[in-house]
Amino acid sequence: MLRDRLPDVRGRARAAFLGLAVGDALGATVEFMMPSEIRATHGVHREITGGGWLRLPPGHVTDDTEMSLCIASALVAEGSWSPHAIADRFAAWLRSRPTDVGNTCRRGIQRYLNEGSLEGPPNEGDAGNGAAMRMAPVAIATLADGALLERCAIEQGHLTHNHPLSDAACILVGRLIHLACLGRDRAELLRAAGAAVEPFPQLRFFPHRVLLPTAYVADTLRAVLCAFFQARSFEDCLVATVNLGGDADTTGAIAGAIAGAHFGLDAIPRRWVKKLDRALVEELAALSDKLVDASPLGRGEPPRL
């Protein structure tokens with residue numbers, strides 16, 4: 001019975017949310033750098049040191065984690081799935097003048113503020129990674145219900161990104177987090193990923209090698225999946241991902257969420273966790289636990305993967 005494994009699932013869900021923040025903080029230092037620049041400046045970048053183009057203090061996170069927290073806190077406050085509540089949290093976050101906001105996310109939130117609409121029209125410019133980066137809380141909130149995951153992934157994604165590649169990436173990231181939280185092995189995750197990208201040649205990750213992962217969601221997913229499926233540990237996965245440079249905070253965040261769920265809490269290096277603000281770490285854990293308990297799995301519903 002899946003419910004008998006709930007303590008393990010809860011730990012893996014915590015690791016997914018914490019892994020997202022750790023990957024965000026690690027990658028932010030080298031965001032927009034070329035791999036050659038990273039090597040010249042850092043050798044192999046493997047410590048959370050802050051800095052980067054945003055000049056962040058060590059351990060500070062960016063929009064990847066902050067928008068994910070908006071989703072998680074909205075769902076916990078509402079007690080159910082609510083795109084309106086999520087959009088309101090995004091709007092309040094944007095008004096707070098955050099350190100970093102992607103252009104597509106800003107445009108989508110501004111549309112909501114101006115029009116009250118939860119979805120913009122399909123747009124070729126919406127194939128960025130800004131919706132996929134915030135999938136961890138969506139995956140946790142829909143644990144063990146694949147159909148619910150797909151619906152919620154698309155609804156949250158369309159708040160800012162309305163493009164088939166973004167939709168597919170959101171669903172895939174959520175699906176991998178689902179399977180990893182349930183303790184499925186990497187072979188099953190690889191089969192699921194392979195099947196998901198088959199209709200989308202742009203997302204196929206083997207034998208492709210991404211030299212510089214941009215904010216284009218296909219670049220992002222190929223970089224993350226190549227690193228994850230070849231990594232022997234959480235740290236290996238994150239280091240390989242962020243040292244590709246490019247949109248490294250977002251690739252780091254997505255890789256951290258998937259790898260966290262797969263490798264578990266104990267695999268996340270303590271030296272990285274200690275660099276994060278303690279209040280943030282506690283908030284991530286508390287929100288994750290509440291999302292698990294409110295999920296279909298937490299409510300005792302039969303799995304529908």
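**Overall fold, pocket and cavities of an all-helix chain**

For a compact globule of 305 residues, a radius of gyration near 19 Å would be expected, and the protein chain, at 17 Å, agrees with this. The radius is taken over C-alpha atoms, and the globule rule is 2.2 Å times the number of residues to the power 0.38. The model is a predicted one, in which local features need pLDDT of at least 70 and side-chain atom pairs count only at pLDDT 80 or more, while totals for chains, interfaces and linings use all residues. Residues are numbered from 1 along each chain as its sequence is written, and side-chain values use heavy atoms, with hydrogens and water left out.

The C-alpha trace spans about 50 × 45 × 40 Å along its principal axes. The protein chain holds 14 helices and zero strands; here helices (H or I, at least four residues) and strands (E, at least two) are DSSP runs, numbered from the N terminus. Of the 305 residues, 59% are buried, where buried means under 20% relative accessible area, exposed over 50%, and partly exposed in between (1.4 Å probe, protein chains only). Among contacts with a separation of 6 or more, 73% join residues 24 or more positions apart, a contact being heavy atoms within 4.5 Å. The accessible surface comes to about 12,200 Å², and carbon and sulfur atoms own 53% of that area. These areas come from the Shrake-Rupley method with a 1.4 Å probe, and for residues only the protein chains shown count as cover.

Next come the open and closed spaces. Rolling a probe the size of a water molecule over the atoms shows where empty space is left. On a 1 Å grid over the protein atoms alone, a cavity is a set of points where a 1.4 Å probe fits but cannot get out, whereas a pocket is an open set with protein on both sides within 12 Å along at least five of seven lines; lining residues have an atom within 4 Å of a point. Grid points are joined across faces, edges and corners, and a volume is the space filled by probe spheres set on the points.

The largest pocket has a volume of about 380 Å³. Its lining is made by 24 residues, and G102, N103, N129, A215 and D247 are the ones nearest the centre. Helices α3 (63–78), α5 (103–115) and α12 (248–263) each contribute at least two lining residues, and α5 gives the most, with three. The pocket lining comprises eight nonpolar, ten polar and six charged residues. For this count, Ala, Val, Leu, Ile, Met, Phe, Trp, Tyr, Cys and Pro are nonpolar, Asp, Glu, Lys and Arg are charged, and the others, Gly among them, are polar. One of the contributing helices, α12, has 15 of its 16 residues buried, so it is largely enclosed by the rest of the structure. Just after α12, G264 adopts a positive phi of about 95°.

Two cavities of 30 Å³ or more turn up in a search of the whole structure. The largest cavity contains about 40 Å³ of space and is lined by A87, F90, G108, I109, R111, Y112, L159 and T160. Helix α5 appears here as well: α4 (83–95) and α5 each supply at least two lining residues, with α5 giving the most, at four. Five nonpolar residues, two polar and one charged make up this lining. The second largest cavity has a volume of about 30 Å³, and its walls are A25, A28, T29, I48, G50, G51, L56, P57, G59 and H60. That set divides into five nonpolar and five polar residues, with no charged ones.

A few individual residues deserve a look. F32, in the loop between α1 (6–28) and α2 (35–42), has a phi near 70°, a positive value in a residue other than glycine. F32 counts as exposed because its relative accessibility is 52%. R97, in the loop between α4 and α5, likewise has a positive phi, near 60°, and is not a glycine; at 76% relative accessibility, R97 counts as exposed. Within helix α4 itself sits D88, which counts as partly exposed at 43% relative accessibility. From D88 to N243 the C-alpha to C-alpha distance is 35 Å, with their positions 155 residues apart in sequence.
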